[in-house]
Amino acid sequence: MIFSKERPFLLVGAGRMGGAMLSGWMAEGVDPSAIVVSDPSPPEEVRAVITGHGIRLAPEPPAGLEPAVVMVAVKPQLMNKVLPMLAPVVKPDTLVVSVAAGTPVTTFEAAFGPVPVARAMPNTPSMVGRGITGVYPNAAVTADQKDTVGSLLSAVGEVVWLETEDEIDLVTGVSGSGPAYVFWMAECLAAAGETAGLSPETAKRLAIATVCGAGELMHRSKEDPSVLRQNVTSPNGTTAAALEVLMAEDGLKPLLETAVAAAVRRAKELRG
Ligand SMILES: NC(=O)C1=CN([C@@H]2O[C@H](COP(=O)(O)OP(=O)(O)OC[C@H]3O[C@@H](n4cnc5c(N)ncnc54)[C@H](O)[C@@H]3O)[C@@H](O)[C@H]2O)C=CC1
Ligand SMILES: O=C(O)[C@@H]1CCC=N1
C-alpha cells in the first residue's frame, strides 16, 4: 500500500458507500492508523466503526494533512462545495479516487490540476467483502498507485479495470445500482408470496433465503446462470410455468434493459 500514518488515506464522505468500504477494509485488517475520515455527520453505524477502530474523524479535511490517497465518496451534487475544500490537501502526487456517479475525471483535474485520478464504481456488498468495482484510471496514475487501488478494492470484492471512462456509466447501471434491483426483487417475491396466501413473515423469509441461496449457488458454481436456471426447471413443471411469464417478450429482460438504460441516462445527466 502506498499510504501510511505519515501520508494517510483520506476518505471524504463516510455514508452508505464510503462506510460500506470502510467496514470492509476494517474486516480485512487494513491499518486504521493510516486512515483519516472527513465527514461532518457520518451515519451512526459508520461512526461506530470509525470510533471502534480509533480512526481519526474530522468534519473537514484537516489542514496540513498530506494524504497519499484521497477517496471522494460524497454525493455528486456536493462536488462544487467539497472539491475546493479538498484542494489545499491534494498534493501533485496525491492519488484522487472518486466513487461518485457521473462526476468526470476532468472535474477533478479542473479542481486539483494534473493529478492522478481513478474513477471507481463500487457497490454496497463491499461491506461484506462481496462487492464489485469498475475502475478507470487517468494517464497520470502510476503503477504503484494502480496496485494500491487494486489491493484496496479487491480487499472488499472483485475489481474490473476499464479501458474507457464512458464504461463507468454502464457499470453504474449494472452493478453500482444493481444490488437495489436484487433487493427489490426479494421484496416483490415476498409480496407475491403474501398475495398467494403465505403470512408476511414466512413470505419474507422464503424470499430472502431464495435470493441469498441462489446468489451463493451462482457464486460457488462453475456453471453458467442459464444452466443453474435449467436445473430448477422440470419439463412442463411449475418453474416452466413461471418462467413463461418472466421470459415473455414483455417480461423481465426488456424491463431490466429499460431500468439499466434509465440508470445510465441518469449517470450521464449527473455529469452536469
Ligand atoms: N450507495 C451506493 O450504493 C453507491 C454510491 N456511490 C456513490 O457514492 C457517493 C456517496 O453516496 P452514498 O454513500 O450513497 O451517500 P450518503 O448520503 O450515504 O453518504 C454521503 C456522506 O457524505 C457526507 N458528507 C456530506 N457533506 C460532506 C462534506 N462537506 N465533506 C465530507 N463528507 C460530507 C455525508 O455526511 C454522508 O455521510 C455518491 O457519489 C454515489 O454516486 C457509488 C456506488 C454505489
Ligand atoms: O443511486 C446512485 O446514484 C448511486 C450510484 C450507484 C448506486 N448508488
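Helices, of at least four residues, and strands, of at least two, are DSSP runs numbered from the N terminus. The model worked on here is predicted.

**Exercise 1. Compare the two annotated spans with the domain assignment.**

Task: Find what each UniProt annotation covers, then set the spans beside the assigned domains.

Solution.
- Step 1. Start with the N-terminal annotation. An unreviewed UniProt entry gives "domain: Pyrroline-5-carboxylate reductase catalytic N-terminal" for residues 11–102. This span is 32% helix and 18% strand. Its end C-alpha atoms lie 19 Å apart.
- Step 2. Take the other annotation. UniProt lists residues 165–270 as "domain: Pyrroline-5-carboxylate reductase dimerisation", again from an unreviewed entry. Here the content is 80% helix and 0% strand. The end C-alpha atoms are 14 Å apart.
- Step 3. Turn to the domain assignment. Domain 1 runs over 9–164 and domain 2 over 178–269. Their C-alpha centres are 32 Å apart.

**Exercise 2. Trace the sheet.**

Task: Give the strand order, name the edges, and place a helix on the sheet.

Solution.
- Step 1. Write the order. The sheet is open, has 8 strands and reads E3-E2-E1-E4-E5-E6-E7-E8. Its pairing is mixed.
- Step 2. Mark the edges. Strand E3 (56–58) and strand E8 (157–161) each pair on one side only.
- Step 3. Note the twist. On average, neighbouring strands are turned by 20° against each other, direction ignored.
- Step 4. Zoom in on one pair. Strand E1 (residues 9–12) runs parallel to strand E4 (residues 69–72), over 4 bridges. In this pair, Val 12 stands opposite Val 72 of E4.
- Step 5. Add the helix. Helix H6 (residues 167–176) packs on the sheet and touches strand E6 (117–121) and strand E7 (131–137). The directions of H6 and E7 make about 175°.

**Exercise 3. Describe the two ligand shells.**

Task: Which residues surround ligand 2, and how many surround ligand 1?

Solution.
- Step 1. Count for ligand 1. Its shell holds 27 residues. The closest are Gly 13, Gly 15, Met 17, Ala 100 and Ala 101.
- Step 2. Assign elements. Helix H1 (16–27) and helix H3 (79–86) are the elements that give two or more residues to this shell. H1 gives the most, with 3 residues.
- Step 3. Sort by type. The ligand 1 shell divides into 15 nonpolar, 8 polar and 4 charged residues.
- Step 4. Move to ligand 2. Ala 101, Thr 172, Gly 176 and Ser 177 surround it. They divide into 1 nonpolar and 3 polar, with no charged residue.
- Step 5. Cross-check. Ala 101 is in the ligand 2 shell and is listed among the closest residues to ligand 1.

Notes: Residues are numbered from 1 along each chain as its sequence is written. Chains are lettered from A and ligands numbered from 1 in the order in which they are written. This is a predicted model: local features need pLDDT of at least 70, side-chain atom pairs count only at pLDDT 80 or more; totals for chains, interfaces and linings use all residues. UniProt positions are given in the numbering used here, feature names are shortened, and annotations may be inferred rather than shown by experiment. Two strands pair if DSSP finds at least two bridges between them. Axes are lines fitted to C-alpha atoms, for helices over the stretch in contact, and angles run from 0 to 180 degrees between N-to-C directions. Two residues are in contact if their C-beta atoms, placed from the backbone, lie within 7 Å. A residue is near a molecule or strand if its C-beta atom, placed from the backbone, lies within 6 Å of it. Ala, Val, Leu, Ile, Met, Phe, Trp, Tyr, Cys and Pro count as nonpolar, Asp, Glu, Lys and Arg as charged, and the others, Gly among them, as polar. Domain bounds come from an automatic or database domain assignment.
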